[in-house]
Amino acid sequence: VQEAYSSVDVSIQNPPTENFDSILAGGIAGFNQGTLSEVAFDGEVTGPVAGGISGFNDSSIVDAYSLGAVNSRTIAGGITGKNQGTFSRVYAAGVVTLTGEGDVAALVADTIRSDIGGASYWDESVLGQISDVHGEALDANAMRTQSSFEGWDFSDTGPWTIQSSGFRSYPYLRAFTYDAPEIEPPVRSIPGLQA
């Protein structure tokens with residue numbers, strides 16, 4: 001999947017326990033077995049295994065962000081709940097909540113491999129005490145500073161752009177059309193935008 005943006009709410013309640021796929025909730029994909037590239041999510045995900053981009057990543061996530069809220073009783077990750085694939089150039093800036101006993105992380109809650117990629121970040125001012133070994137926490141100012149995002153392509157032909165003068169923002173994807181600053185009511189706001 002390339003160039004997909006979702007702001008829908010995804011919720012799985014009382015899934016059948018014998019079907020693993022049925023417990024996976026993600027903003028873009030429940031079970032990702034391909035490449036998710038230039039994707040973004042800003043809704044809410046609730047489920048037994050939940051992630052802002054995918055419930056379970058079995059392949060690749062690149063150039064992606066999630067502003068979405070993620071809620072789970074057992075596994076909750078800002079980007080993916082469970083991972084045995086790779087990801088790179090992603091960030092999470094949505095609230096992640098674990099309501100039971102289990103795994104919770106800013107990016108990946110439960111990973112089967114350690115060499116999963118790099119250059120990934122989360123907004124510690126939003127995620128608070130939730131951390132992750134697979135990325136780096138940035139404060140609110142660093143999230144709005146292009147040089148914080150090492151190795152990301154902000155060139156005129158690259159996937160990423162950022163507001164850096166006047167209004168400042170988090171990185172966002174050129175593939176999508178966003179609201180101009182201060183448009184009311186907002187339809188698709190530039191992430192993290194502030195004067």
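Hi everyone, let's start with Ser59, which sits in the loop that joins strand 8, residues 54–57, to strand 9, residues 60–66. Before I go on, please keep in mind that this is a predicted model.

So, is Ser59 buried or exposed? It falls in between: its relative accessible area is 23%, so we call Ser59 partly exposed, given that buried means under 20%.

What does Ser59 touch, once we set aside residues up to four places away in sequence? Its partners are Asn32, Gln33, Gly34 and Thr35, together with Gly85 and Thr86. One of these, Gly34, also takes part in a polar contact: the Ser59 side chain reaches the backbone oxygen of Gly34 at 2.7 Å. For a sense of distance, take Asp110, which is 51 residues from Ser59 in sequence; C-alpha to C-alpha, the two are 15 Å apart in space.

Now let's step back along the chain to another serine, Ser54, which belongs to strand 8. Here the accessibility reads differently: Ser54 has 0% relative accessibility, and therefore counts as buried. Which side chain does the side chain of Ser54 meet in a polar contact? That would be Thr80, at 2.9 Å. Thr80 is also on the list of residues that Ser54 touches, leaving out those up to four places away in sequence. The others on that list are Ala25, Gly26, Ala29, Gly30, Asn32, Ile61, Ile79 and Gly81. You may recognise Asn32, which Ser59 touches and Ser54 touches too.

With those two serines in mind, let's zoom out to the whole protein. We have one helix and 23 strands. The C-alpha trace spans about 50 × 40 × 30 Å along its principal axes. How does the radius of gyration fit a compact globule? For 195 residues we would expect a value near 16 Å, and the protein has 16 Å, so the two agree.

Inside, 51% of the 195 residues count as buried. If we look at contacts with a separation of 6 or more, 66% of them come from residues 24 or more positions apart.

On the outside, the protein exposes about 8700 Å², and carbon and sulfur atoms supply 45% of that area. And the charges? There are 8 positive and 24 negative ones, and their mean positions are 2 Å apart.

That's my tour, from a loop serine and a strand serine out to the protein as a whole. Thanks for listening!

How values were computed. Residues are numbered from 1 along each chain as its sequence is written. This is a predicted model: local features need pLDDT of at least 70, side-chain atom pairs count only at pLDDT 80 or more; totals for chains, interfaces and linings use all residues. Side-chain values use heavy atoms; hydrogens and water are left out. Helices (H or I, at least four residues) and strands (E, at least two) are DSSP runs, numbered from the N terminus. The radius of gyration is taken over C-alpha atoms; the globule rule is 2.2 Å times the number of residues to the power 0.38. Buried means under 20% relative accessible area, exposed over 50%, partly exposed in between (1.4 Å probe, protein chains only). Contact means heavy atoms within 4.5 Å. Accessible areas come from the Shrake-Rupley method with a 1.4 Å probe; for residues, only the protein chains shown count as cover. Lys and Arg count as positive and Asp and Glu as negative; His and the chain ends are not counted. The place of a charge is taken as NZ of Lys, CZ of Arg, CG of Asp or CD of Glu. A polar contact is a pair of N or O atoms within 3.5 Å; within protein, one must be able to donate a hydrogen and the other to accept it, and residues adjacent in sequence count only if both atoms are side-chain atoms.
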